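Here are some short exercises to work through with the structure open beside you. Try each task on your own, then follow the solution step by step.

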Amino acid sequence: MKLIVAVCEDWGIGKDGDQPFYIPEDLRQYKEKTMGNVTIMGRKTLEALPKVALKNRISIVLTRDVDFARDDVVVCNDLEQLSQTLMQYDSDSIFVIGGQQIYELLLDRCDTAYVTKIFATADVDRHFPNLDEMSNWRLHGQSEVREYEGLRFCYCEYRKQ
(Lines give C-alpha, C1' and ligand atoms only; values in the text may rest on other atoms or scores of the structure.)
Protein backbone atom coordinates (compact mmCIF):
# COMPACT_ATOMS: atom_id res chain seq x y z
CA MET A 1 0.00 0.00 0.00
CA LYS A 2 1.19 3.51 -0.80
CA LEU A 3 0.30 7.00 0.27
CA ILE A 4 0.41 10.34 -1.44
CA VAL A 5 0.49 13.74 0.25
CA ALA A 6 1.60 17.35 -0.21
CA VAL A 7 3.23 18.96 2.82
CA CYS A 8 4.48 22.38 3.90
CA GLU A 9 7.89 22.87 5.49
CA ASP A 10 6.47 21.88 8.90
CA TRP A 11 4.68 18.87 7.33
CA GLY A 12 1.37 20.71 7.52
CA ILE A 13 -1.33 19.41 5.19
CA GLY A 14 -4.43 21.50 5.74
CA LYS A 15 -6.86 23.55 7.71
CA ASP A 16 -10.65 23.62 7.83
CA GLY A 17 -10.90 20.82 5.27
CA ASP A 18 -8.72 22.52 2.67
CA GLN A 19 -5.12 22.19 1.63
CA PRO A 20 -2.90 25.26 1.94
CA PHE A 21 -1.54 25.37 -1.62
CA TYR A 22 -2.79 24.33 -5.06
CA ILE A 23 -0.05 23.66 -7.58
CA PRO A 24 -1.43 22.50 -10.96
CA GLU A 25 1.62 20.33 -11.73
CA ASP A 26 1.27 18.58 -8.37
CA LEU A 27 -2.44 17.98 -8.98
CA ARG A 28 -1.58 16.42 -12.37
CA GLN A 29 1.05 14.20 -10.75
CA TYR A 30 -1.44 13.15 -8.07
CA LYS A 31 -4.00 12.29 -10.74
CA GLU A 32 -1.46 10.29 -12.79
CA LYS A 33 -0.36 8.23 -9.78
CA THR A 34 -3.85 7.45 -8.49
CA MET A 35 -5.79 7.10 -11.77
CA GLY A 36 -7.28 3.63 -12.19
CA ASN A 37 -6.32 2.70 -8.64
CA VAL A 38 -7.94 2.45 -5.21
CA THR A 39 -7.94 5.48 -2.91
CA ILE A 40 -8.59 5.42 0.83
CA MET A 41 -9.72 8.58 2.54
CA GLY A 42 -11.64 9.82 5.52
CA ARG A 43 -15.14 11.23 5.32
CA LYS A 44 -13.94 14.82 5.71
CA THR A 45 -11.51 14.40 2.83
CA LEU A 46 -14.32 13.04 0.66
CA GLU A 47 -16.55 15.96 1.61
CA ALA A 48 -13.78 18.41 0.62
CA LEU A 49 -13.82 17.02 -2.94
CA PRO A 50 -16.14 18.31 -5.66
CA LYS A 51 -19.64 16.82 -5.72
CA VAL A 52 -18.55 13.30 -6.68
CA ALA A 53 -15.75 10.97 -5.68
CA LEU A 54 -12.55 10.94 -7.75
CA LYS A 55 -13.23 9.82 -11.32
CA ASN A 56 -11.77 6.55 -12.61
CA ARG A 57 -10.70 5.45 -9.15
CA ILE A 58 -12.28 3.20 -6.56
CA SER A 59 -12.85 5.42 -3.54
CA ILE A 60 -12.96 3.84 -0.10
CA VAL A 61 -14.05 6.02 2.80
CA LEU A 62 -13.06 5.03 6.32
CA THR A 63 -15.45 6.59 8.83
CA ARG A 64 -16.80 5.77 12.28
CA ASP A 65 -20.18 7.17 11.19
CA VAL A 66 -22.19 3.96 10.67
CA ASP A 67 -25.01 5.98 9.09
CA PHE A 68 -22.76 7.46 6.40
CA ALA A 69 -23.57 6.17 2.91
CA ARG A 70 -22.97 7.33 -0.65
CA ASP A 71 -23.47 5.52 -3.91
CA ASP A 72 -20.13 6.62 -5.40
CA VAL A 73 -17.86 5.21 -2.65
CA VAL A 74 -17.22 2.06 -0.66
CA VAL A 75 -17.72 2.77 3.05
CA CYS A 76 -15.79 0.98 5.80
CA ASN A 77 -16.50 1.69 9.46
CA ASP A 78 -13.41 0.17 11.07
CA LEU A 79 -9.95 -1.18 10.27
CA GLU A 80 -11.13 -4.79 10.21
CA GLN A 81 -13.77 -4.02 7.61
CA LEU A 82 -11.20 -2.00 5.64
CA SER A 83 -8.73 -4.90 5.73
CA GLN A 84 -11.38 -7.29 4.43
CA THR A 85 -12.33 -4.87 1.65
CA LEU A 86 -8.71 -4.32 0.60
CA MET A 87 -8.08 -8.05 0.20
CA GLN A 88 -9.77 -7.91 -3.20
CA TYR A 89 -7.21 -5.42 -4.57
CA ASP A 90 -3.51 -5.59 -5.40
CA SER A 91 -1.72 -3.72 -2.61
CA ASP A 92 0.39 -1.86 -5.20
CA SER A 93 -2.80 -0.25 -6.54
CA ILE A 94 -3.94 1.15 -3.17
CA PHE A 95 -3.22 4.78 -2.19
CA VAL A 96 -3.98 6.43 1.13
CA ILE A 97 -4.92 10.05 0.36
CA GLY A 98 -5.85 11.59 3.71
CA GLY A 99 -6.68 13.29 5.95
CA GLN A 100 -4.50 13.41 9.02
CA GLN A 101 -6.30 10.70 11.03
CA ILE A 102 -6.37 8.29 8.08
CA TYR A 103 -2.67 8.86 7.36
CA GLU A 104 -1.85 8.22 11.02
CA LEU A 105 -3.99 5.06 11.14
CA LEU A 106 -2.57 3.56 7.95
CA LEU A 107 1.02 4.82 7.78
CA ASP A 108 2.42 1.60 9.27
CA ARG A 109 0.61 -0.43 6.60
CA CYS A 110 2.20 1.53 3.76
CA ASP A 111 5.55 0.76 2.14
CA THR A 112 5.92 3.78 -0.17
CA ALA A 113 5.13 7.46 0.37
CA TYR A 114 4.94 9.99 -2.45
CA VAL A 115 5.46 13.35 -0.77
CA THR A 116 5.33 16.72 -2.48
CA LYS A 117 7.40 19.03 -0.29
CA ILE A 118 6.42 22.65 -0.61
CA PHE A 119 9.09 25.02 0.68
CA ALA A 120 6.70 27.43 2.36
CA THR A 121 4.66 27.70 5.52
CA ALA A 122 0.92 28.18 5.89
CA ASP A 123 -1.68 28.46 8.59
CA VAL A 124 -2.52 24.77 9.13
CA ASP A 125 -4.06 22.68 11.88
CA ARG A 126 -3.50 19.25 10.31
CA HIS A 127 -0.11 17.61 9.88
CA PHE A 128 1.46 14.56 8.35
CA PRO A 129 4.10 12.68 10.37
CA ASN A 130 7.60 13.94 9.54
CA LEU A 131 9.12 10.99 7.68
CA ASP A 132 12.58 12.56 7.86
CA GLU A 133 12.48 12.03 11.63
CA MET A 134 11.21 8.43 11.50
CA SER A 135 13.87 5.73 11.65
CA ASN A 136 11.82 3.23 9.63
CA TRP A 137 11.36 5.55 6.60
CA ARG A 138 14.12 6.55 4.16
CA LEU A 139 14.19 9.06 1.34
CA HIS A 140 14.55 6.94 -1.81
CA GLY A 141 14.55 9.68 -4.44
CA GLN A 142 13.88 13.35 -4.96
CA SER A 143 13.14 15.48 -8.02
CA GLU A 144 14.81 18.76 -8.80
CA VAL A 145 13.25 21.78 -7.14
CA ARG A 146 10.47 23.29 -9.23
CA GLU A 147 8.56 26.53 -8.96
CA TYR A 148 5.00 27.68 -9.48
CA GLU A 149 4.02 31.32 -8.89
CA GLY A 150 6.89 31.77 -6.46
CA LEU A 151 6.23 28.50 -4.58
CA ARG A 152 9.19 26.17 -4.63
CA PHE A 153 8.50 22.43 -4.33
CA CYS A 154 9.89 19.00 -5.11
CA TYR A 155 8.66 15.44 -5.33
CA CYS A 156 10.06 12.93 -2.85
CA GLU A 157 9.65 9.19 -2.66
CA TYR A 158 10.11 7.55 0.71
CA ARG A 159 10.26 3.84 1.36
CA LYS A 160 9.68 2.00 4.59
CA GLN A 161 12.68 0.00 5.80
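**Exercise 1. Find where glutamate 149 sits, decide whether glutamate 149 is buried or exposed, and look up its phi.**

Solution. This is a predicted model, and every value here is computed from it.
- Step 1: Glutamate 149 belongs to the loop between β10 (146-148) and β11 (151-160).
- Step 2: The cut-off for "exposed" is over 50% relative accessible area. Glutamate 149 has 70% relative accessibility, so it counts as exposed.
- Step 3: Its phi is near 45°, which is a positive value in a residue other than glycine.

**Exercise 2. Repeat the analysis for aspartate 16: which loop holds it, is it buried or exposed, and what is its phi?**

Solution.
- Step 1: Look in the loop between β2 and α1; aspartate 16 is found there.
- Step 2: With 68% relative accessibility, aspartate 16 counts as exposed.
- Step 3: Phi of aspartate 16 is near 55°, again a positive value in a residue other than glycine.

**Exercise 3. Describe the peptide bond that joins glycine 98 and glycine 99, then find how far the C-alpha atom of glycine 99 is from that of glutamate 133.**

Solution.
- Step 1: The bond between glycine 98 and glycine 99 is cis, with omega about 0°.
- Step 2: Glycine 99 is in the loop between β6 and α4.
- Step 3: Glutamate 133 is placed in the loop between β8 and β9. This glutamate is exposed, at a relative accessible area of 68%.
- Step 4: The C-alpha atoms of glycine 99 and glutamate 133 are 20 Å apart, and the two residues are separated by 34 residues along the chain.

**Exercise 4. Characterise the largest pocket: what is its volume, which residues are closest to its centre, and what classes of residue line it?**

Solution.
- Step 1: The space in the largest pocket comes to about 1,400 Å³.
- Step 2: A total of 46 residues line the largest pocket, and those closest to its centre are Thr45, Ala48, Ile97, Gly98 and Gly99. The last two of these glycines are joined by the cis bond of the previous exercise.
- Step 3: Elements that each supply at least two lining residues are β1, β2, α1 (24-34), α2 (43-48), β6 (94-98) and α4.
- Step 4: Sorted by class, the lining holds 19 nonpolar, 14 charged and 13 polar residues.

**Exercise 5. Trace the aromatic contacts of phenylalanine 128 with tryptophan 11 and tyrosine 103.**

Solution.
- Step 1: The whole structure contains five aromatic pairs. In one of them, tryptophan 11 and phenylalanine 128 are stacked, with 6.2 Å centre to centre and 20° between the planes.
- Step 2: This pair links distant parts of the chain, 117 residues apart: tryptophan 11 is in the loop between β1 (2-7) and β2 (12-14), and phenylalanine 128 is in the loop between β8 (126-127) and β9 (137-142).
- Step 3: Tryptophan 11 and phenylalanine 128 are both buried.
- Step 4: Now take tyrosine 103 and phenylalanine 128. Their ring centres are 4.9 Å apart and their planes are at 80°, so this pair is edge-to-face.
- Step 5: Tyrosine 103 lies in helix α4 (residues 100-106) and phenylalanine 128 in the loop between β8 and β9, so the pair ties together parts 25 residues apart in sequence. Tyrosine 103 is buried, as is phenylalanine 128.
- Step 6: Step back to see the cluster: ring pairs link Trp11, Tyr103, Phe128 and Tyr158.

**Exercise 6. Work out which residues of helix α3 (residues 79-86) are buried and which are on the face turned away from them.**

Solution.
- Step 1: Leu82, Thr85 and Leu86 are buried in α3.
- Step 2: These three cover an arc of only 95° around the axis, which puts them on the same side of α3.
- Step 3: A helix rule helps here: an α-helix has 3.6 residues a turn, so residues three or four places apart point the same way.
- Step 4: On the face turned away from the buried side, α3 carries the exposed residues Glu80 and Gln84.

Conventions: Residues numbered from 1 in each chain as written. Predicted model: local features only at pLDDT ≥ 70, side-chain atom pairs only at ≥ 80, totals over all residues. Heavy atoms only, no water. Phe/Tyr/Trp six-rings, centres within 6.5 Å; stacked < 30°, edge-to-face > 60°. Helix = DSSP H or I, 4+ residues; strand = E, 2+ residues; numbered from the N terminus. Buried < 20%, exposed > 50% of the residue type's maximum accessible area, 1.4 Å probe, protein only. 1 Å grid on protein atoms, 1.4 Å probe; cavity = no way out; pocket = protein on both sides within 12 Å on 5 of 7 lines; lining within 4 Å. Points joined across faces, edges and corners; volume = space filled by probe spheres on them. Nonpolar A, V, L, I, M, F, W, Y, C, P; charged D, E, K, R; others polar. Arc of directions from axis to C-beta.
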